[in-house]
Each structure stands twice: as C-alpha cells, then as structure tokens.
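Good morning, and thank you for making time on the agenda. I would ask you to keep the display in view while I speak.

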Amino acid sequence: MAVAAALGVCAVGFVAAMAVAQGSQAGEVERTRAAAPVGSPDDTGFLPGANDFGCKPPAAHPNPVVLVHGTFENMSNNWFVAAPRLASEGFCVFAFNYGGQRGDLIQGTGPVATSAQQLSLFVDKVLDATGASKVDIVGHSQGGMMPRQYLRFLGGAAKVNTLVGLAPSNHGTDLSGLAQLAINFDVVGDTVQTACAACTDQIVGSDFITRLNADSETVPGVNYTVIATRNDQIVTPFTSGFLEGSGVDNITLQDVCANDTTEHVGISFNDAVLTLTLNALDPGNPREVECS
C-alpha cells in the first residue's frame with residue numbers, strides 16, 4: 001500500500017501536467033516533437049523476473065511478454081509486482097523505459113508516436129533474442145494505448161498476438177474537469193508543456209488521439225483485452241479506455257470483484273487484475289480470480 005501511495009505522486013503529477021498541456025503554448029510542444037530523435041529503448045532498469053535475454057519461450061507460452069509502463073512511471077516501479085508474477089507462471093518477460101532520458105526515474109513523457117518507435121525497436125530485440133515470431137504486450141495507462149500506434153502504423157500487427165491494456169488512455173482523458181481546474185488556478189508552470197508532449201497527446205480530441213482512433217480502433221489478427229476500474233481518477237470517464245472492434249474483451253474490474261477499490265495507479269499491482277491478465281495471455285488455461 002505504501003508503494004502504491006508513493007506512486008500516487010506520479011498520478012498527481014499527471015493531472016497537473018495534463019492541465020497545463022491544454023494551455024496556449026501548443027506550438028512549442030509541436031516544435032519539441034519535430035526535433036525529438038528516436039532514442040534506443042532502455043532495458044537496463046532493475047526489475048526481478050524480467051529481461052533474461054537467454055529465456056526461450058516454452059511451448060505452453062510461446063509469446064514473450066513485453067511490459068509497457070505509463071506516463072511518469074518507469075519499468076521498475078510500474079511492474080515490480082507483475083513481472084515476477086508472470087515469470088513464475090512460465091512466461092519470458094521483458095520490459096523497457098521509453099519517452100524519457102536514459103537513467104531518469106521519470107519516463108513516458110515524450111511524444112507518443114516517438115515512444116511507439118522505441119517500442120518497435122524493443123520488440124524486434126526481444127524477437128531476435130528469443131527466436132519467437134510474436135510477442136504479447138501488457139501496458140498500463142499510456143502504455144496500454146501507445147502500442148496501438150505501433151500496431152496500426154509501424155507494422156506491429158504482424159509481430160503481436162495479444163495486447164492487454166490496464167486502464168489505458170485509448171480515447172484520451174478529460175480528467176473530470178481537474179485539468180481545467182488546474183488551468184484556472186495556474187498550479188504548475190508553463191514549462192511542463194515542453195516537458196510532457198505525451199500529456200498533450202492524451203487529451204481528449206488531440207490530433208494524436210483522433211488519428212489513432214480514425215476508421216478502426218483495432219487491427220485484424222490481434223487480440224485485445226482492456227481492464228478498467230470504475231475508480232479511475234486519471235483516465236476519465238473510465239469507459240473511455242474501452243475499445244470497439246473485433247477481437248476485443250472489455251472488462252470492468254468491479255464486475256468481477258464488486259468491492260474492489262483499486263484506482264488508476266494501483267491497477268497494475270492488483271492481484272485480481274494480474275489474474276485477468278494471465279487469463280488473457282493464456283486463455284486455454286483460465287485461472288480462478290480471487291477477490292480481496
């Protein structure tokens with residue numbers, strides 16, 4: 001609980017940054033995007049259960065699992081519960097940092113399209129190392145949405161079997177009015193706009209979100225599972241994370257565990273959610289979901 005509370009600071013930062021991103025300096029953000037190079041994905045962070053590049057997927061779990069963290073998070077603090085859980089179930093698990101400076105604790109702030117290119121590079125690295133033909137992806141928040149850019153526009157559909165999004169920002173967020181409230185009170189400095197292009201990308205109606213969801217929200221051949229919580233205070237309304245299209249399973253956590261109070265930050269640590277994730281990755285071997 002203490003760790004989840006600490007990570008809540010990231011959620012508060014996300015709210016504030018999203019608010020400022022709606023301000024008047026969008027042109028500066030666009031200039032920052034245009035100049036942003038595609039950096040190599042960073043998989044050097046400490047994460048038990050992940051990034052054994054000698055791992056060879058067993059027949060029962062032929063697709064390596066790539067974990068994609070959310071905005072202001074990193075591979076270590078987003079996945080320290082999920083990675084060892086998945087590894088203990090026999091999966092080859094991999095994770096990386098994207099959208100930030102190598103070595104920084106704060107990641108996932110760069111333009112989402114650029115981050116998707118980093119994901120593409122990392123998936124290729126995993127496939128080369130493991131000899132697998134496809135990966136499965138599990139992402140939290142931006143990390144559940146950003147891979148769709150890879151699937152739709154960067155050739156990822158041929159390399160991904162399943163995408164599981166935990167509270168993903170698939171249609172952006174309006175933050176239930178908190179963004180506008182922060183603008184009114186000028187709670188953060190204008191410099192956040194240039195520091196968090198990903199925040200601008202994730203606002204409802206942004207050019208990025210509009211293009212991502214135009215025509216079709218899914219691509220053929222990929223299985224999609226979205227797990228959302230009614231208590232989400234970042235991706236709002238929580239149903240905006242759901243997708244429409246073939247091969248989609250939209251799950252509300254409280255439809256499975258009615259009294260679960262887990263919110264946006266905590267969803268990637270929730271035992272029931274991780275069991276639902278395992279069931280999406282391994283549908284032929286469903287596990288019983290235990291509600292706490």
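Setting aside sequence neighbours within four places, Asn 63 is in contact with Phe 91, Lys 134, Val 135, Asp 136 and Asn 161. I should state at once that this is a predicted model.

Where does Asn 63 lie in the chain? Asn 63 is placed in the loop that connects α2, residues 26-35, to β1. Is Asn 63 buried or exposed? Its relative accessible area is 15%, and the cut-off for buried is under 20%, so Asn 63 counts as buried. As for Leu 127, it is separated from Asn 63 by 64 residues in sequence, while the C-alpha to C-alpha distance is 9.1 Å.

I turn now to the sheet. It is open and has six strands, in the order β2-β1-β3-β4-β5-β6, with parallel pairing. The edges are occupied by β2 (93-96) and β6 (248-252); each has a single partner strand, and therefore one side of each has no neighbour in the sheet. On average, and with direction ignored, neighbouring strands are turned by 15 degrees against each other.

Within this sheet, consider one pair. Strand β3, residues 135-140, runs parallel to strand β4, residues 160-166, and six bridges join them. Opposite Ile 137 stands Leu 163 in β4.

Finally, which helix packs on the sheet? That is α12, residues 271-281, which touches β1 (65-68), β3, β4, β5 (223-228) and β6. The direction of α12 makes about 165 degrees with that of β4.

Methods
Residues are numbered from 1 along each chain as its sequence is written. This is a predicted model: local features need pLDDT of at least 70, side-chain atom pairs count only at pLDDT 80 or more; totals for chains, interfaces and linings use all residues. Side-chain values use heavy atoms; hydrogens and water are left out. Two strands pair if DSSP finds at least two bridges between them. Helices (H or I, at least four residues) and strands (E, at least two) are DSSP runs, numbered from the N terminus. Axes are lines fitted to C-alpha atoms, for helices over the stretch in contact, and angles run from 0 to 180 degrees between N-to-C directions. Contact means heavy atoms within 4.5 Å. Buried means under 20% relative accessible area, exposed over 50%, partly exposed in between (1.4 Å probe, protein chains only).
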